[in-house]
Amino acid sequence: MSQYAISAAMRAFFLFAGCVLWIGIALTGFRVVSWVLYVPATFFLFAAITGICPGLILARLLFPGKR
């Protein structure tokens, strides 16, 4: 899983972005917001806490690099 690890700067960015998304969801109303907005908000906080980026994993599965 080290190939999916992110740097400390990326973790800080994901933490900030995730918190902003969750604050926006809370201010709008949890019943009003579409469920789609919960996906990136949860992924960002998961990446910030664990250091493993689910978006990077999905991107590398969909678009494999040259070997």
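These legends describe several views of one predicted model. Residue numbers start from 1 along each chain as its sequence is written, and side-chain values use heavy atoms, with hydrogens and water left out. In this predicted model, local features need pLDDT of at least 70 and side-chain atom pairs count only at pLDDT 80 or more, while totals for chains, interfaces and linings use all residues.

**View 1. The whole chain has 3 helices and 0 strands.**
Helices (H or I, at least four residues) and strands (E, at least two) are DSSP runs, numbered from the N terminus. The order of elements from the N terminus is α-α-α. Along the principal axes, the C-alpha atoms fill a box of roughly 45 × 25 × 15 Å. The radius of gyration is 14 Å, whereas a compact globule of 67 residues would have one near 11 Å. That radius is taken over C-alpha atoms, and the globule rule is 2.2 Å times the number of residues to the power 0.38. Of the 67 residues, 21% are buried. Buried means under 20% relative accessible area, exposed means over 50%, and partly exposed lies in between (1.4 Å probe, protein chains only). The accessible surface is about 5,100 Å². Carbon and sulfur atoms hold 74% of that surface. These areas come from the Shrake-Rupley method with a 1.4 Å probe; for residues, only the protein chains shown count as cover. Contact means heavy atoms within 4.5 Å. Among contacts with a separation of 6 or more, 56% join residues 24 or more positions apart.

**View 2. The largest nonpolar core has 5 residues.**
Its members are Ile6, Phe14, Ala47, Ala48 and Cys53. A nonpolar core is a set of buried Ala, Val, Leu, Ile, Met, Phe, Trp, Tyr and Cys residues joined through side-chain atoms within 4.5 Å. Phe14 is buried, at 8% relative accessible area. Cys53 is buried too, at 10%. Ala47 touches Ile6, Arg11, Phe14, Ile52, Cys53 and Pro54, setting aside residues up to four places away in sequence.

**View 3. Phe13, Phe14 and Phe44 form a cluster linked by ring pairs.**
A pair of aromatic rings is described by the distance of the centres and the angle of the planes. Rings of Phe, Tyr and Trp (its six-membered ring) pair if their centres lie within 6.5 Å; planes under 30 degrees apart count as stacked, over 60 as edge-to-face and the rest as tilted. The count of aromatic pairs is 3. Phe13 and Phe14 make a tilted pair, 5.7 Å centre to centre with 55° between the planes. Phe13 is found in helix α1. Its relative accessible area is 47%, so Phe13 counts as partly exposed. Phe13 and Ala47 are 34 residues apart in sequence, with 9.8 Å between their C-alpha atoms.

**View 4. Trp22 and Tyr38 form a tilted aromatic pair.**
Their ring centres are 5.5 Å apart, and the planes meet at 55°. Trp22 lies in helix α1 (residues 8-28) and Tyr38 in helix α2, so the pair ties together parts that are 16 residues apart in sequence. Trp22 is partly exposed, at 26% relative accessible area.

**View 5. Phe44 sits in helix α2 (residues 38-50).**
Phe44 counts as partly exposed because its relative accessibility is 24%. Outside its neighbours within four places in sequence, Phe44 contacts Phe14, Ala17, Gly18 and Leu21. Phe44 and Ile6 are 38 residues apart in sequence; their C-alpha atoms are 12 Å apart in space.

**View 6. Gly51 lies in the loop between α2 and α3 (54-62).**
Gly51 is buried, with a relative accessible area of 6%. Beyond its neighbours within four places in sequence, Gly51 contacts Tyr4, Ala5, Ile6, Arg11 and Phe46. Tyr4 is 47 residues from Gly51 along the chain, yet their C-alpha atoms are separated by 8.3 Å.

**View 7. The chain's cysteines form 0 disulfides.**
Cys19 is in no disulfide; the nearest cysteine sulfur, that of Cys53, is 16 Å away. A disulfide is a pair of cysteine sulfur atoms within 2.5 Å. The 16 Å between the sulfurs of Cys53 and Cys19 is therefore too far for a bond. Cys19 is partly exposed, at 35% relative accessible area.
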